[in-house]
Amino acid sequence: MKKTMTRLADGRELIYYDLRDDVVRDDTDRRPLAPVSTASEIRHDRLLGDAVAIASHRQGRTYHPPADACPLCPSRDGRGTEIPAADYDVAVFENRFPSLAGDTGRCEVVCFTPDHDASFAALTEEQAALVLEAWTDRTAELSQLPGVQQVFCFENRGAEIGVTLGHPHGQIYAYPFTTPRTERMLDRLAAHRTATGGRNLFDDVLADERADGRRVVLDTEHWTAFVPYAAHWPYEVHLYPKRRVPDLLALGEDARTEFPQVYLEVLRRFDRIFGPGEPPTPYISAWHQAPLYAADRGQFALHLELFTVRRTSGKLKFLAGSESGMNVFINDVPPEAAAERLREVASE
């Protein structure tokens, strides 16, 4: 992998990750961009104890542009984009419309491929491995920024999720706090250790799912993918390395090497859940990494959670009264049935 760092016309950072070592990245962003102006602030909810990012400047962000005006495609034919080069493998840049900026953190965009009409599932194993390298490198770099408490790599895919740019891409958020979801996991981790005389909750969950077997989707040498016992979403898969590590930086070489094969297979199965002729499955794919300064950091387990809001052909799972009002999910698809379907659509 070759890494090249440069700047866009308004001063934002851009990083190229290339498969070849001989690639030269000297293209200049010639767009007449005004300096980025953000108004991001973090407010804390006194009743719930969680944090909300207020980012009014995001109202003006790019919204569903036509393919020939996509800002994530390479710059070509005199049309400048966020990527000045005429081609790239993986590119990462500071978001022009960040939810978090300055003292409130940082947001980056990760472009997985220059092909506007592709998807992560369409990448080769070599390309997927390069994205994993980019995620890992950005986690390392962002973890060094002052005030950052947690790094979150994720992908939103599909208009049903709320994606405003169709080009295959993900994002990375560097939070100045530990996220509420992670705080809850840490609380459960500590409670489980006390209740069981020192056992690790993540280890026990993984062991129990593998022993039960009904919800296991894939079980390889270094990874296990399963539908959780209390899945919140119609089709939801959790992917764990078999050797527990707190973050992407600590992921072993064997697991790192095997990841592209396993992850691409899971993504391709997601696109086959609802049968032939159906549109691509919308999903959110989220890496859960340990907060940087948590007391139980070494006990946390890196894992990826993948889920879709589509519950059946042509129908979405909406977060209505119980989910949005009380955070109590109601799932119409039994986790065992979801796992069985994901096994049925395995690649031949």
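A cavity, as the word is used here, is a set of grid points where a 1.4 Å probe fits but cannot get out. With that in mind, let us walk through this predicted model, starting with its enclosed spaces. Rolling a probe the size of a water molecule over the atoms shows where empty space is left. In this structure the count comes to two cavities of 30 Å³ or more.

The largest cavity holds about 60 Å³ of space. If you would like to find it on screen, look for its lining residues: Phe202, Asp203, Leu206, Tyr240, Pro241, Lys242, Arg244, Val245, Ala301 and Leu302. Two elements give two or more residues to this lining, namely helix H3 (201-212) and strand S11 (235-241). Of the contributors, H3 gives the most, with three residues. Sorted by class, the lining of the largest cavity has seven nonpolar and three charged residues, and no polar ones.

The second largest cavity encloses about 30 Å³. Around this space you will find Phe120, Trp135, Cys153, Phe154, Glu155, Tyr263, Ser285 and Trp287. Strand S7 (150-157) and strand S12 (283-288) each supply at least two residues of the lining, and S7 gives the most, with three. Here the classes come to six nonpolar, one polar and one charged.

From S7 we can move on to a set of residues picked out by a database record. In an unreviewed UniProt entry, the annotation "binding site" covers Cys70, Cys73, His116 and His167. These residues are spread over 98 residues of sequence, yet they cluster in space, with a largest C-alpha distance of 8.1 Å.

The two histidines show how this cluster is put together. His116 sits in the loop between strand S6 (106-111) and helix H1 (125-142), while His167 belongs to the loop between S7 and strand S8 (169-175). Leaving aside neighbours within four places in sequence, His116 is in contact with Ala67, Cys70, Cys73, Gly166, His167 and Pro168. On the same basis, His167 is in contact with Cys70, Leu72, Cys73, Tyr88, Thr113, Pro114, Asp115 and His116. Is His167 buried or exposed? His167 counts as buried because its relative accessibility is 1%, and the cut-off for buried is under 20%.

Another buried residue worth a visit is Ala339, which lies in helix H6 (residues 335-344). Its relative accessible area is 0%, so Ala339 is classed as buried. Beyond its neighbours within four places in sequence, Ala339 is in contact with Arg214, Arg215, Val217 and Val227. A separation in sequence can be set beside one in space here: Ala339 and Val216 are 123 residues apart along the chain and 6.5 Å apart from C-alpha to C-alpha.

Finally, have a look at the backbone of two loop residues. Asp77 is found in the loop between strand S4 (51-55) and strand S5 (90-94). Its phi is near 50°, a positive value in a residue other than glycine. Asp77 counts as exposed because its relative accessibility is 83%. Asn327, in the loop between helix H5 (321-326) and H6, also has a positive phi, of about 60°, although it is not a glycine. With a relative accessibility of 48%, Asn327 counts as partly exposed, because exposed would require over 50%.

Conventions:
Residues are numbered from 1 along each chain as its sequence is written. This is a predicted model: local features need pLDDT of at least 70, side-chain atom pairs count only at pLDDT 80 or more; totals for chains, interfaces and linings use all residues. Side-chain values use heavy atoms; hydrogens and water are left out. Helices (H or I, at least four residues) and strands (E, at least two) are DSSP runs, numbered from the N terminus. Buried means under 20% relative accessible area, exposed over 50%, partly exposed in between (1.4 Å probe, protein chains only). Contact means heavy atoms within 4.5 Å. On a 1 Å grid over the protein atoms alone, a cavity is a set of points where a 1.4 Å probe fits but cannot get out, and a pocket is an open set with protein on both sides within 12 Å along at least five of seven lines; lining residues have an atom within 4 Å of a point. Grid points are joined across faces, edges and corners, and a volume is the space filled by probe spheres set on the points. Ala, Val, Leu, Ile, Met, Phe, Trp, Tyr, Cys and Pro count as nonpolar, Asp, Glu, Lys and Arg as charged, and the others, Gly among them, as polar. UniProt positions are given in the numbering used here, feature names are shortened, and annotations may be inferred rather than shown by experiment.
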